[in-house]
Amino acid sequence: MSRLWEGYSLLYVEGQEKAHNQDLGLAGSCLPHFSTIPFIYCNIHEVCHFASRNDKSYWLSTAAPIPMMPVSDGQIPKYISRCSVCEAPSQAVAVHSQDHSIPPCPQGWRSLWIGYSFLMHTAAGAEGGGQSLVSPGSCLEDFRATPFIECSGARGTCYYFANKYSFWLTTIKPEMQFVEAPAQETLKAEQFLRHVSRCQVCMKIL
């Protein structure tokens, strides 16, 4: 596969308190340049404004430890996930096991990577979005309870606020289907992975 460009992983933006989601499996989620506010807004009076409201952007983040305070300027790059857009000979899809095992690729397909089944996300004002489960963007190589970071356009800072929630496809035992209500649990640390589905991204062999 040949690389077309590399950039920064945009998860979604929020303007006028409404969210617009990006599919992490599509090229549009990989912006060549980073800004805490990568858009302007315009009105019917033919006037546009930049960084004049509390609009936000949300980015897939790295495994760097969560900072104690919001970060700005040169502190930001180590928290923003990088991405590459590549030309592929055929379509790639994600398959999910809904258990701890790595699901096999269909016959005639090859593996690109394995990961954890990322379903959706919410943040300020309960706005957010999700990933199509057939998209490679729904299969993240690493599991983190907080896989994205919020950036404030007007302030030019980024931080992991307490109102961020990530949602993951869970594991389901076949014998427990249609049997009883799920048992409530609170999971911490390594216990997370007992309930997170595994996935694999596959590409058809031509």
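## Around S90

Leaving aside neighbours within four places in sequence, S90 is in contact with M203, K204 and L206. This is a predicted model, and S90 is a friendly place to start looking around in it. You will find S90 in the loop that runs between strand 8 (82-87) and strand 9 (92-96).

One of those contacts can be described in finer detail: the side chain of S90 reaches the backbone oxygen of K204 at 2.5 Å. Is S90 buried or exposed? Its relative accessibility is 15%, so S90 counts as buried, since the cut-off for that label is under 20%.

## Salt bridges

Now let us turn to charged side chains. Side chains of opposite charge can pair when their charged atoms come close. How many salt bridges does a search of the whole structure find? The search finds four, and three of them are worth a visit here, beginning with E14 and K56.

The side chains of E14 and K56 meet in a salt bridge, with 3.9 Å from N to O. This pair links distant parts of the chain: E14 belongs to strand 1 (residues 2-15) and K56 to strand 6 (residues 56-60), 42 residues apart. E14 has a relative accessible area of 6%, so it is buried. K56 counts as buried too, because its relative accessibility is 11%.

## Two further pairs

E6 forms a salt bridge with R3, and their closest N and O atoms are 2.9 Å apart. E6 counts as partly exposed because its relative accessibility is 43%. Its partner R3 has a relative accessible area of 55% and is therefore exposed; the cut-off for that label is over 50%.

Another salt bridge joins R194 to E185, where the closest N and O atoms are 3.6 Å apart. R194 is partly exposed, with a relative accessible area of 40%. E185 is also partly exposed, and its relative accessible area is 42%.

## Around G25

Our last stop is G25, in the loop between strand 2 (18-21) and strand 3 (30-31). With a relative accessibility of 31%, G25 counts as partly exposed.

Which residues does G25 touch, not counting those up to four places away in sequence? They are Q131, S135, P136 and G137. You can also look from G25 across to V93: the two are 68 residues apart along the chain, and their C-alpha atoms are separated by 9.0 Å.

Note on methods. Residues are numbered from 1 along each chain as its sequence is written. This is a predicted model: local features need pLDDT of at least 70, side-chain atom pairs count only at pLDDT 80 or more; totals for chains, interfaces and linings use all residues. Side-chain values use heavy atoms; hydrogens and water are left out. Helices (H or I, at least four residues) and strands (E, at least two) are DSSP runs, numbered from the N terminus. Buried means under 20% relative accessible area, exposed over 50%, partly exposed in between (1.4 Å probe, protein chains only). A polar contact is a pair of N or O atoms within 3.5 Å; within protein, one must be able to donate a hydrogen and the other to accept it, and residues adjacent in sequence count only if both atoms are side-chain atoms. Contact means heavy atoms within 4.5 Å.
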